[in-house]
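Ready for a few exercises? Take a good look at the sequence and the structure, then try each task before you read its solution.

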Amino acid sequence: MTHSLYQDAIDILKTNDRGTYSLPTQGLYPVQFNWDSAFAALGYRFINPVRAWQEVQQLASSQWPDGMIPHIMFRGHHDGYFPGPSIWKTGQFTPTSGITQPPVLASVIRRLDDTHPLDDSIEMHDMLRRLVRWHEWFIVARQEPQTEAIAIIHPWESGRDNMSDWDSGMARVEIADLPPYTRRDLDHVDASQRPTKEQYDRYLTIIKYGRDHQWRQDHLGQHSPFRMVDPGMTAFLLRSSRDLLALLQKHQPDNQAALSTVQQHIESLDRGWKNLWNDKVNAYTCYDPVEQKHINSVSSASFLSCFAGVYEEGRHEKLMGEFDRISNKVKFMVPSFDPDHADFDAKRYWRGPVWHVINDSIGRGFAEHGETERAERIRADSEALITQSKFFEYFDPITGEGLGGKDFTWTASVYLDWVMQGADHGTD
Ligand code: DGY
């Protein structure tokens, strides 16, 4: 008997379910990750909406007293993950990492609320309160004053860990005298598809700096040995802020303080996104706050403008020109990095491969702004990748080979929720 891909996706979500939280995949990532978890909730809607809400509530419950929702929550048996809680030493009740991840949660909550609203308004109010605090935390601890866009203090915050956009910032991180360590990711994935040893040495050096500074996030925002302004984080926070405003207008129309705070975030982040425009490459790009200059390369994050709700006449057409140039270079859109750039690597994590969560966001944004053909190219390529290679973590944009972790939660979720729009399209 053959299983349909729809059923395979459901089975993956069930296999990676740990009852109240999800794993991105077994083995490689035995921990709850922030944005993986939010995307997982969208998939759980197709099995059990109560479980979908439980996932996001569990995620939000890990919020730090300062407002940050961390990038990793160490629950259950997490021994196979490196670096674990004894390296982070964040002192939280449920052990967590000391950095954050792309804020997609408010956008996910809005979609859950549209299709399966919570019965309990107290729980919704608690969620909205946590979301406003987290967004405010970004503005205080991560907004870069020069651009008003959002900076990261560790490549892992961006979720796009080893992007070549971070290379010049990473080169400034002087590798500390680190105790010997064993990477666990290489037990599961070939080294050619993962970040290098030198990058890991720097990742751990930045963690050491955070630990030595008691994870004081305002300090880290200004002094972390690694700082870069990220179009990805800026676009996700801007989109999430618009979604949060809509949620507040619906559920708390009299909460003037929260409404005006979020409205101000939107205005400021909108300016921030526009300041990332880079005439040299006709795209929104990363900005180096230390050297005070743009990084001249196009990545998949450059195409999140529509998703962020920004349309700038003239610039939009130039950006679409870049999209079409890249479309002609690869079989499967959207590569995480420009295939014409010398640093492009079709198999190495975020230096070239296609990721379904980014495709979902770019594709939705394009569809919302009338870029119908380009949106359909992304959706159809995303479907073709899964048909060819099944539910991998990422994919080679030229050959379609599945890479990284197998049976991946967010790939399954995005397949159900966006690629196939919830429809079961029969057997293989
Ligand atoms: C990993 O372990 O590779 C994660 O992406 C870190 O956030």
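## Exercise 1: Around the ligand

The ligand has Tyr29, Phe33, His71, Tyr81, Trp156, Asp161, Arg194 and Tyr349 around it. Keep in mind as you work that this is a predicted model.

**Task.** Find how far a polar side-chain atom of arginine 194 lies from an oxygen atom of the ligand, and what percentage of the ligand's accessible area the protein covers.

**Solution.**

*Step 1.* Begin with arginine 194: one of its polar side-chain atoms is 2.8 Å from a ligand oxygen.

*Step 2.* Look next at histidine 71, where a side-chain N or O atom lies 2.9 Å from an oxygen atom of the ligand.

*Step 3.* For tyrosine 349, the distance between a side-chain N or O atom and a ligand oxygen is 3.0 Å.

*Step 4.* Now turn to the cover: on its own the ligand has 240 Å² of accessible area, and the protein covers 94% of it.

## Exercise 2: A closer look at tyrosine 349

**Task.** Decide whether tyrosine 349 is buried or exposed, and say in which loop tyrosine 349 lies.

**Solution.**

*Step 1.* Locate the residue: tyrosine 349 sits in the loop between α13 and α14.

*Step 2.* Compare its relative accessible area with the cut-off. Buried means under 20%, and tyrosine 349 has 5%, so this residue is buried.

*Step 3.* Check the backbone too. Tyrosine 349 is not a glycine, yet its phi is positive, about 55 degrees. Most residues other than glycine have a negative phi.

*Step 4.* Try asparagine 282 in the same way. Asparagine 282 is in the loop between β5 (277–278) and β6 (283–284), and its phi is positive, near 55 degrees. With a relative accessible area of 24%, asparagine 282 is partly exposed.

## Exercise 3: Helix α16 and the core

**Task.** Explain why helix α16 (residues 409–419) is described as largely enclosed by the rest of the structure.

**Solution.**

*Step 1.* Count the buried residues: 11 of the 11 residues of α16 are buried, so the helix is largely enclosed by the rest of the structure. Among them are Trp410, Tyr415 and Trp418.

*Step 2.* See what surrounds the helix. Its buried residues pack against α1 (5–15), α2 (34–44), α5 (105–115), α14 (356–368), α15 (372–389) and β9 (394–395).

*Step 3.* Zoom in on tyrosine 415. Leaving aside residues up to four places away in sequence, tyrosine 415 touches Leu5, Tyr6, Ala9, Ile386, Phe391, Met420 and Gln421.

*Step 4.* Widen the view to the largest nonpolar core, which has 135 residues; Tyr415 is one of those with the most contacts inside it, a list that also includes Trp35 and Phe303. Helix α6 (residues 121–142) gives this core its largest share, 10 residues. In soluble globular proteins, nonpolar side chains tend to be buried together.

*Step 5.* Finish just after α16, where glutamine 421 has a positive phi of about 50 degrees.

## Exercise 4: Cis peptide bonds

**Task.** Which kind of peptide bond joins phenylalanine 82 and proline 83, and where is proline 83 found?

**Solution.**

*Step 1.* Read omega: it is about 0 degrees, and the bond between phenylalanine 82 and proline 83 is cis.

*Step 2.* Place the residue: proline 83 belongs to the loop between β2 (72–73) and α4 (85–88).

*Step 3.* Repeat for methionine 333 and valine 334, whose peptide bond is also cis, with omega near 0 degrees. Valine 334 is in the loop between α13 (315–327) and α14.

Note on methods:
Residues numbered from 1 in each chain as written. Predicted model: local features only at pLDDT ≥ 70, side-chain atom pairs only at ≥ 80, totals over all residues. Heavy atoms only, no water. Core = buried A, V, L, I, M, F, W, Y, C linked by side-chain atoms within 4.5 Å. Buried < 20%, exposed > 50% of the residue type's maximum accessible area, 1.4 Å probe, protein only. Helix = DSSP H or I, 4+ residues; strand = E, 2+ residues; numbered from the N terminus. Contact = heavy atoms within 4.5 Å. Near = heavy atom within 4 Å. Polar contact = N/O pair within 3.5 Å; in protein donor to acceptor, adjacent residues only side chain to side chain. Areas by Shrake-Rupley, 256 points an atom, 1.4 Å probe, with all protein chains shown as cover.
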